[in-house]
Amino acid sequence: MATALHNLSDYDLSKVPDASNMCFGIVVAEWNPEITGALLNGAVSTLEKHGALPENIHVKTVPGSFELIYGAHQMVLNGGYDAVIILGSVIRGETPHFDYICQGVTYGIARINAKSEIPVVYGLLTTDTLQQAQDRSGGRLGNKGDECAVVAIKMAKF
């Protein structure tokens with residue numbers, strides 16, 4: 001497991017560009033709000049730490065993870081952003097619904113990235129348990145939101 005070897009919140013500060021002239025869109029799923037709220041807090045605080053102005057960080061919510069595709073697409077079309085971040089959490093249940101949602105979101109975001117002029121950063125946690133999601137949203141393995149913010153800044157500069 002790669003995350004066990006790397007804390008999601010650890011990165012080399014000197015390799016992150018200044019984000020003071022950048023604008024970011026964040027689409028966050030309302031499902032599993034304890035997790036997605038922590039991911040959002042991590043992303044916003046990391047963007048601001050690297051110079052992004054609060055008024056240049058625009059957050060929109062969607063009901064669930066599958067709707068992240070539509071939300072990201074709308075931000076890409078209408079927002080004037082340098083990068084868009086999607087944040088969600090899908091925790092495996094007793095049915096194949098987990099597989100369909102994870103595959104659908106992955107495919108949808110990849111498709112937007114292939115056709116878009118701006119990067120869409122994938123911040124969907126796909127875990128087997130609530131504990132695994134907590135570990136990756138500010139727990140012992142760091143915060144995927146931090147990592148997504150750093151990726152968004154680097155890709156916006158790309």
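This passage walks through the interior, the strand pairing, the salt bridges and the surface of the structure above. The model is predicted, and every value below is computed from it.

A good place to begin is the interior. The largest nonpolar core has 24 residues, and those touching the most other members are Phe-24, Ile-26, Leu-47, Ile-85, Leu-87 and Ile-153. At least two residues of this core come from each of E1, H1, strand E3 (83-91), strand E4 (120-127) and H5. Another core, of 21 residues, lies apart from it and includes Val-62, Val-84, Cys-102 and Leu-124.

Ile-26 gives a helpful view of how the interior is packed. Leaving out residues up to four places away in sequence, Ile-26 touches Leu-40, Ala-43, Val-44 and Leu-47, and also Ile-57, His-58, Val-59, Lys-60, Met-75, Ile-85 and Leu-87.

Helix H1 also holds Thr-36. With a relative accessibility of 2%, Thr-36 counts as buried, because the cut-off for that class is under 20%. Beyond its neighbours within four places in sequence, Thr-36 is in contact with Val-28, Ala-29, Trp-31, Leu-87, Gly-88 and Ser-89. Just ahead of this helix, Asn-32 sits in the loop between strand E1 (24-29) and helix H1 (33-49). The phi angle of Asn-32 is near 60 degrees, a positive value in a residue other than glycine. For context, most residues other than glycine have a negative phi.

Turning to the strands, E3 and E4 run parallel and are joined by 8 bridges. Within E4, Thr-126 stands opposite Val-90. E4 is mostly covered, with 6 of its 8 residues buried.

The loops that follow these strands are linked by charged side chains. A search of the whole structure finds 4 salt bridges. In one of them, the side chains of Arg-92 and Asp-128 meet at 2.8 Å, N to O. Arg-92 belongs to the loop between E3 and H3, while Asp-128 belongs to the loop between E4 and helix H4 (130-135), so this pair ties together parts that are 36 residues apart in sequence. Both partners are partly exposed: the relative accessible area is 38% for Arg-92 and 42% for Asp-128. Arg-92 and Asp-128 are also linked with Asp-99 in a network of salt bridges.

Thr-95 is found in the loop between E3 and helix H3 (97-115). Its relative accessible area of 48% makes Thr-95 partly exposed. From Thr-95 to Thr-129 there are 34 residues in sequence and 14 Å in space, C-alpha to C-alpha.

A further salt bridge joins Arg-140 to Asp-135, with the closest N and O atoms 3.3 Å apart. Here the two partners fall into separate classes: Arg-140 is exposed, at 62% relative accessibility, whereas Asp-135 is buried, at 8%. Lys-144 and Glu-147 likewise meet in a salt bridge, at 2.5 Å from N to O. Both of these residues lie in helix H5, 3 residues apart, or about one turn of the helix. Glu-147 is partly exposed, with a relative accessible area of 22%.

Helix H5 (residues 144-157) also contains Val-151. Val-151 counts as partly exposed, at 34% relative accessibility. Together with Met-155 and Phe-158, Val-151 forms a nonpolar patch on the surface, and the accessible area of the three residues together is about 340 Å².

Methods
Residues numbered from 1 in each chain as written. Predicted model: local features only at pLDDT ≥ 70, side-chain atom pairs only at ≥ 80, totals over all residues. Heavy atoms only, no water. Patch = residues over 30% accessible without salt bridge, like charges linked within 9 Å, V, L, I, M, F, W, Y side chains within 5 Å. Areas by Shrake-Rupley, 256 points an atom, 1.4 Å probe, with all protein chains shown as cover. Helix = DSSP H or I, 4+ residues; strand = E, 2+ residues; numbered from the N terminus. Buried < 20%, exposed > 50% of the residue type's maximum accessible area, 1.4 Å probe, protein only. Core = buried A, V, L, I, M, F, W, Y, C linked by side-chain atoms within 4.5 Å. Contact = heavy atoms within 4.5 Å. Pairing = 2+ DSSP bridges.
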